[in-house]
Amino acid sequence: MDLEETAVKARAFSYFRAATLDQALDAHARAGDDARFIAGGQSLVPALSLRLQAPRLLIDITHIDELRGVRREGGHLRIGALTRHCEMLSEPLIAEFAPLLHAAAPFVAHPAIRNRGTFGGSVALADPASEFPAMTLALDAEIEIAGPSGRRRVKADNFFIDLFETALQPGELITAIYVPLFRADQRFAFDELARRRGDYALVGCGMLATFAGERIHDIRISYLSVGNTPTRVRGAEATLIGQRLDAERIAAAQGALEGDLAPPESDEVPPAMRLHLARVLLGRLLGRLGEAA
Amino acid sequence: MTAPLTSLDRPNSYIGRSVPRPNAKRLLAGRGRYVSDLRLPRMLYAAFLRSPHAHAKIVAIKTGDACAREGVHLVATGADLAKICTPWTGTLDHFKGMTSAPQWPLPVDRVVWAGQAVVAVVAESRAIAEDALELIEVDYEDLPVVVDLGVAREAGGALVNSGSVDNTCFRSQLDNGTVDDAFAHAAHVVEEEFTFGRHTAVTLEPRAIVADYDPSAGTLTVHHGTQTPYQFQDLYSRHYNIPEARVRVIATDIGGSFGMKLHVYHEDMAVVGLSILLGRPVKYVADRMESFVSDIHARDHRVRARMALDGKGEILAMDVEDLTAIGAFSTYPRTSVVEGNQVIRLMGAPYRFKNYRATLEVIFQNKVQTSQYRAVGHPIACAVTERLVDMAAAKLGLDPFAIRAQNVIPDDAYPQTSPTGYRFEALSHQACLKRLHEIMDYDGLRAEQAGLRKRGIHRGIGIATFVEITNPSPAFYGVGGARISSQDGAILSLTPSGEVRCLISVTEQGQGTEAIISQIVADQLGLAQEHVKVITGDTEVTPHGGATWACRGAGIGGETALQATRALKRNILEIAALILQERPSALDIVDGQVVDAATQNERMPISEIARIAYFRSDTLPPGTQAQLTVSHHFAPQGYPFAFTNGIQGCSLEVDVETGLIKLLKHFIVEDCGRVINPMLVDEQLRGGIVQGLGAALFEECRYSDTGQLVNGSLADYLVPMPMEMPDIVIAHVETPTADTELGAKGVGEAGTAAASACVLNAVNDALAPLGATINSIPITPMKVLTALKRF
């Protein structure tokens, strides 16, 4: 295939394959703002083909070793930004220490996309309908960022700002995501409601709870597909902390969602319907959390 | 009813055998010859600038910068192409009073839907052409947009075509029997208003065309991903004023069509003109986003219908009003009113009542055109009829099977005429109902449903009878003045080695046309199937015919092949008789050998006859001229259509908290007459059912108030996917048509005809205890939750 083929629809761009992080950052700096990092390309390539994005330079970061690998570091699991969605299913460390990600992974698109798409890329794009960005909130993850002015770590709670807008500054990229290790006193649950398997969910939700005996000591609940960003529901969380998971508590948490969520207008899923679905899903997941004892 | 045994039922017959498709391996091996993959020397690529407005006047088009871009060979507007292409109008004479505005390859003064192609760029690559599109400026002046069907009908409202009285394309009315009287005296009347969303075909391979005009010879060759090469040969010849014999249309492998690729598209017509202007091959392949805004859509009906019954549940009458919106033009050359016409004519088709009234109103609006797509009109007629039958059954306390058994035309009562005037040769509703009841384990499903309901699990069971139109005669298009053939032609040759080459006018779109034709030829000649080569889809090679649409390939194409093969066999046996000094009637051909008809003793291989005829004609008696190539045409006669019938059933579960529906199992009993290849028939049924299930639950082209398609991508437009599809159980009843020797009828649309009706009935069955009803397709979670008042 060459450029004469009919399938090429993107505007012409230059391509640079970075071998190191410094090379990637340097290339971006030299291109001004007119560059994009590319890893799995599962969102960027369609955007290029649709000419929604047309950078002069694509910087391929998939050969940077530093962005790879999953390993324990102290109380955290360090998940390299290039970790592919399919590895969330196959990597034993993730199944053991970040089981919520393992549970959410089968809901991420389809196998062909999971084979290429990367964890870091998904979090960096911050699609509010994506599973992984929302799960970084539930997991209280920290996002490690490298850029022209050095490295920093940002709490997931402070990372997602608005629709496709994050704490990432121009020229910065995600190097890894740090997830606190899953503990024996914790329980998790994930599910989503979608019309077809692998579709963008009508509503999705994941939660991680720490129990003190039968009472919830701490819980973080995060939704996808409910607004402009992945969304933690602090009001619902507050109704559960210190409580036993009974029908009354679950109903209270469901009731609190109205204050937590303000779903957008949509012709297929009106706000009231999405709120209803969020309640149904919360009820089902908290029910499962209770059964998991 | 089961077919009487004939020569087609021999134990070693190819008819009725699940032989694999000869072309399947080639396609799986990546050796398909799709137009999308075609590259010709000196070929250029076209791209189209599309209208962002649903309705606007074109004030000015500035193309200077685009023309100047390196690699661009031509930028053409509507005015440029109008100089060489005559306009077309999507009307037919037998639809009295219908109107539609003239159409050109690209608009000359006005755009009428968002996504309409406005300017063409031809360049050395598609990417360069796309770059150049960004350099074109078009000044538009907004015109009032007509989007909603209801608004389009309001008096004094905005008009799609200024100067017309209103937005009406066509009206039609049927009134048989004494409808008012029947309703006045009915013990029960059920009534409902239904809506059916717009959806579209979503073929795996989008529309693709390579037009190659050779000015030195004055010839036009078009490689076209289409079902109907002969129709396009005629149209390109007429509209570009090129003699028909100098226009060649080649339709080789095609990645799905479903009726979508037999209409004239503006881009396709433009590409032919661009090639004429440039004298070079020009290629255009629609991308997926372009397909959504330019492929024909289908359905989009609002139906109000009522049914009258007596106290015992006998259907007395139906009264139907169908409103349908078709976009800004009626399509060419088949029009956009056939679907509505079939909706009002297929209503109530399985049943024996006689009082029927219907009105049809076809309306223009500023959207892409709708037109014929798999099971034209059938799903709407079936869903409306079958839902009313279920509503009546509920009202009378009858089981859905019982009310149908009571009302269908009995199997022994044929020939019959439907309440709408269709003539039925022989159908098998009673046999199909009985068989479906068995294969569904209907009583078991009902018992399971009752048990689960107590646990808050809401299962639904639905059934839907249907009648399908197949094997159309000239009554379909020809009588309306369309140059669309209802006959087919075949040319059969015995090769010098004793094999057979069959050139036939029916086309292959992946459904196995070539497989069944080779089965019929092999069977009728007495030859192994691998010694038959079937060639389709090239107007320079294959004889003129209707090609493949409206479920005519097996019934009409198959009969053409059968009759042609019998003619060739006669000629072969004539030569064999001369050589063997026998009477031709004393000889037969079995497995490539001429045999004694009585004893089956082998006399000589047909390869020997071919050798002698081709190379040693001197050894034949003087005056003998062996005719080992025959050509034969077959036009259907007798009934204007070969109707088929069947019944579908399904079981599903509704999550009443989320509105999501899980399809558990689907069943069909189908009667397409003689089954030539059971495997291919079953896969046609499965594929058709899946398309019907897509319509039932997922597929809908949604528009904004300003006429923008809001879900024109595969992320947002939901096609049925394997994870959501149930197992499909298939059974057959065989009632061959007596109008042909072969007895085959069509089967390609049967699955789509009733699948959505079945789901509609099953969802309503599930929701019945909760007091909720659904009357709209697709059945989305929002519609279910709204019906249940859950938010």
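The structure, a predicted model, holds 20 aromatic pairs over all chains. In one of them, the ring centres of Y614(B) and F615(B) lie 6.5 Å apart with planes at 55°, so this pair is tilted. A tilted pair has planes that are neither under 30 degrees nor over 60 degrees apart. Y614(B) is partly exposed, at 35% relative accessible area. F615(B) counts as exposed, with a relative accessibility of 55%.

Ring pairs also build a cluster in chain B. Its members are Y422(B), F424(B), F476(B), Y477(B), W549(B), F641(B) and F643(B). W549(B) has arginine partners too. The charged end of R334(B) sits over the ring of W549(B). The charged end of R552(B) also sits over the ring of W549(B). The table gives the distances.

| Charged residue | Ring | Distance to ring centre |
|---|---|---|
| R334(B) | W549(B) | 4.2 Å |
| R552(B) | W549(B) | 5.4 Å |

**Strands of chain B**

Strand β10(B) spans residues 219-224 and is mostly covered. Five of its six residues are buried. On one side it pairs with strand β9(B), residues 208-214. The two run antiparallel and are joined by six bridges. Within this pairing, D212(B) stands opposite T221(B). β9(B) and β10(B) form a hairpin, with four residues between them. In the turn, G218(B) has a positive phi of about 65°.

β10(B) also pairs with strand β11(B), residues 247-250. Here the strands run parallel, and four bridges join them. V222(B) of β10(B) faces V249(B) of β11(B) across the pairing. The connection between these strands passes through helix α7(B), residues 229-239. This β-α-β crossover is right-handed.

Strand β12(B), residues 282-285, is covered on both faces. In a regular strand, side chains alternate between the two faces of the sheet. V282(B) and Y284(B) are buried on one side of β12(B). K283(B) and V285(B) are buried on the other. The lysine is thus listed among the buried residues.

β12(B) has pairings with β1(B) and β9(B). β1(B), residues 44-50, pairs with β12(B) in the parallel sense over two bridges. There, L44(B) stands opposite V282(B). β9(B) runs antiparallel to β12(B), and four bridges join them. V210(B) stands opposite K283(B) in that pairing. β9(B) therefore has bridges to β10(B) as well as to β12(B).

**Helix α1 of chain A**

Which residues of α1(A) are buried? In this helix, residues 21-30, they are L21(A), A24(A), L25(A), A27(A) and H28(A). Seen down the helix axis, the buried residues fall within an arc of 160°, so they line one face. An α-helix has 3.6 residues a turn, so residues three or four places apart point the same way. The face turned away from the buried side carries exposed D22(A), A29(A) and R30(A).

What do the buried residues of α1(A) pack against? Their contacts are strands of chain A: β1 (14-17), β2 (35-38), β3 (57-60), β6 (142-147), β7 (150-155) and β10 (173-180). After the helix comes G32(A), whose phi is positive, near 65°.

Terms used. Residues numbered from 1 in each chain as written. Chains lettered and ligands numbered in written order. Predicted model: local features only at pLDDT ≥ 70, side-chain atom pairs only at ≥ 80, totals over all residues. Heavy atoms only, no water. Buried < 20%, exposed > 50% of the residue type's maximum accessible area, 1.4 Å probe, protein only. Arc of directions from axis to C-beta. Contact = heavy atoms within 4.5 Å. Pairing = 2+ DSSP bridges. Right-handed = clockwise from strand over helix to strand, strands pointing away. Phe/Tyr/Trp six-rings, centres within 6.5 Å; stacked < 30°, edge-to-face > 60°. Lys NZ or Arg CZ within 6 Å of the ring centre and 35° of its normal.
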